[in-house]
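The following questions and answers go through one protein chain, from its surface to its core. The sequence and the structure come first.

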Amino acid sequence: LIGVGMFLVFPMADTVRRSFVTVSGQWNGLNNYQAVLSNASFRLAAWNTFRFLITAVPLLLILSLGAALAVKRAPAFVKSSFLVPLALPVASFALIWRVLFDTHGLINSILTRFGIESVPFMNSGASFWVLVGSYIWKNLGFDMVLILSALLNIPQSLYEAAQLDGANEWQSFRRIFLPQCRSALFAVGLLIFFDYWNMVEQPMVLLEQEALQPLSAYLSRIN
């Protein structure tokens with residue numbers, strides 16, 4: 001508790017205190033909040049962050065859950081292969097996706113070969129979905145491992161008893177897996193939220209338009 005208070009509660013409390021004062025330490029009331037909320041760039045970045053969270057968090061949870069169920073009995077090297085994107089440095093990872101989706105990148109080269117007009121992925125609203133896809137691809141393996149560990153800890157006897165009672169796959173999933181893994185799914189959701197909140201390099205390298213960047217990139221830019 002002392003460690004939590006020293007490294008989490010006290011810094012957060014001091015941050016809240018500082019939000020009500022000026023740089024010189026004079027009391028400023030709600031003026032700082034009014035200045036931030038009246039900033040169009042801040043509101044746009046907040047909307048981008050909200051849109052990403054309501055899109056990427058459910059998608060990543062569902063895909064991680066599906067991957068964990070799919071590889072439950074797979075060999076170890078198959079499970080380990082999902083962690084390869086996580087080992088890549090963020091800058092290198094983002095550059096790979098830029099090479100794929102750039103105007104003259106690999107995807108557009110393939111489209112052009114088939115007579116399809118190239119798509120400006122990185123200079124249009126499609127770049128948002130490129131960011132979502134890249135984020136899911138990078139973090140899918142880690143979240144899958146967390147869910148898989150919870151899945152493997154469920155006693156097999158519960159499934160066997162359910163089968164004897166005539167339960168089908170969906171009923172076993174709903175009545176056994178979800179209650180047993182609820183805490184793991186909640187923890188994964190929180191990790192995704194805080195991970196994206198602190199993600200700076202990936203959107204700054206991937207997104208050419210500042211109008212599409214999230215709060216993390218916006219705050220890093222103004223600092």
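## Surface, core and charged pairs

Phe 142 lies in helix α8, residues 126-152 (helices are DSSP runs of H or I with at least four residues, strands are runs of E with at least two, and both are numbered from the N terminus). This is a predicted model, in which local features need pLDDT of at least 70, side-chain atom pairs count only at pLDDT 80 or more, and totals for chains, interfaces and linings use all residues. Residues are numbered from 1 along each chain as its sequence is written, and side-chain values use heavy atoms, with hydrogens and water left out.

Q: Is Phe 142 buried, partly exposed or exposed?
A: Buried means under 20% relative accessible area, exposed means over 50%, and partly exposed is in between (1.4 Å probe, protein chains only). Phe 142 has a relative accessibility of 36%, so the residue counts as partly exposed.

Q: What is the accessible area of the nonpolar surface patch that includes Phe 142?
A: Patches take residues with over 30% relative accessible area and no salt bridge, joining like charges within 9 Å and nonpolar side chains (Val, Leu, Ile, Met, Phe, Trp, Tyr) within 5 Å. Areas come from the Shrake-Rupley method with a 1.4 Å probe, and for residues only the protein chains shown count as cover. Together with Leu 83, Leu 86, Val 145 and Leu 191, Phe 142 forms a patch of about 360 Å².

Q: Which element gives the most residues to the largest nonpolar core?
A: A nonpolar core is a set of buried Ala, Val, Leu, Ile, Met, Phe, Trp, Tyr and Cys residues joined through side-chain atoms within 4.5 Å. The largest one has 42 residues, and Phe 52 and Phe 177 have the most contacts inside it. Two or more residues each come from α3 (40-70), α6 (90-101), α8, α9 (156-164) and α10 (169-197). With twelve residues, the element that gives the most is α8.

Q: Which residues does Phe 52 touch, not counting those up to four places away in sequence?
A: Contact means heavy atoms within 4.5 Å. On that basis, Phe 52 touches Val 57, Phe 128, Leu 131, Val 132, Tyr 135 and Tyr 196.

Q: How far apart are the C-alpha atoms of Trp 97 and Gln 202?
A: Trp 97 lies in helix α6 and is buried because its relative accessible area is 12%. Beyond its neighbours within four places in sequence, Trp 97 is in contact with Val 130, Gly 133, Ser 134, Trp 137 and Leu 206. Gln 202 is 105 residues from Trp 97 along the chain, and their C-alpha atoms are separated by 10.0 Å.

Q: Which side chain makes a polar contact with the side chain of Asn 28?
A: Asn 28 sits in the loop between α1 (2-18) and α2 (31-37), and at 19% relative accessibility it counts as buried. A polar contact is a pair of N or O atoms within 3.5 Å; within protein, one must be able to donate a hydrogen and the other to accept it, and residues adjacent in sequence count only if both atoms are side-chain atoms. At 3.1 Å, the partner of the Asn 28 side chain is the side chain of Asn 31.

Q: Which backbone oxygen does the side chain of Asn 139 reach?
A: Asn 139 is in helix α8 and counts as buried, at 11% relative accessibility. Asn 139 touches Leu 60, Leu 86 and Asp 195, leaving out residues up to four places away in sequence. At 2.8 Å, its side chain reaches the backbone oxygen of Tyr 135.

Q: Which residues are joined into one network by salt bridges that share partners?
A: A salt bridge is a side-chain nitrogen of Lys or Arg within 4 Å of a carboxyl oxygen of Asp or Glu, and the count by this rule is two. The side chain of Asp 14 meets that of Arg 17 at 3.0 Å, N to O. Arg 18 and Asp 14 also meet in a salt bridge, at 2.7 Å, N to O. The shared partners join into one network Asp 14, Arg 17 and Arg 18.

Q: What is the relative accessible area of Arg 18?
A: Arg 18 and Asp 14 are separated by about one helical turn because they are four residues apart in helix α1. Asp 14 is partly exposed, at 28%. Arg 18 is exposed, with a relative accessible area of 52%.
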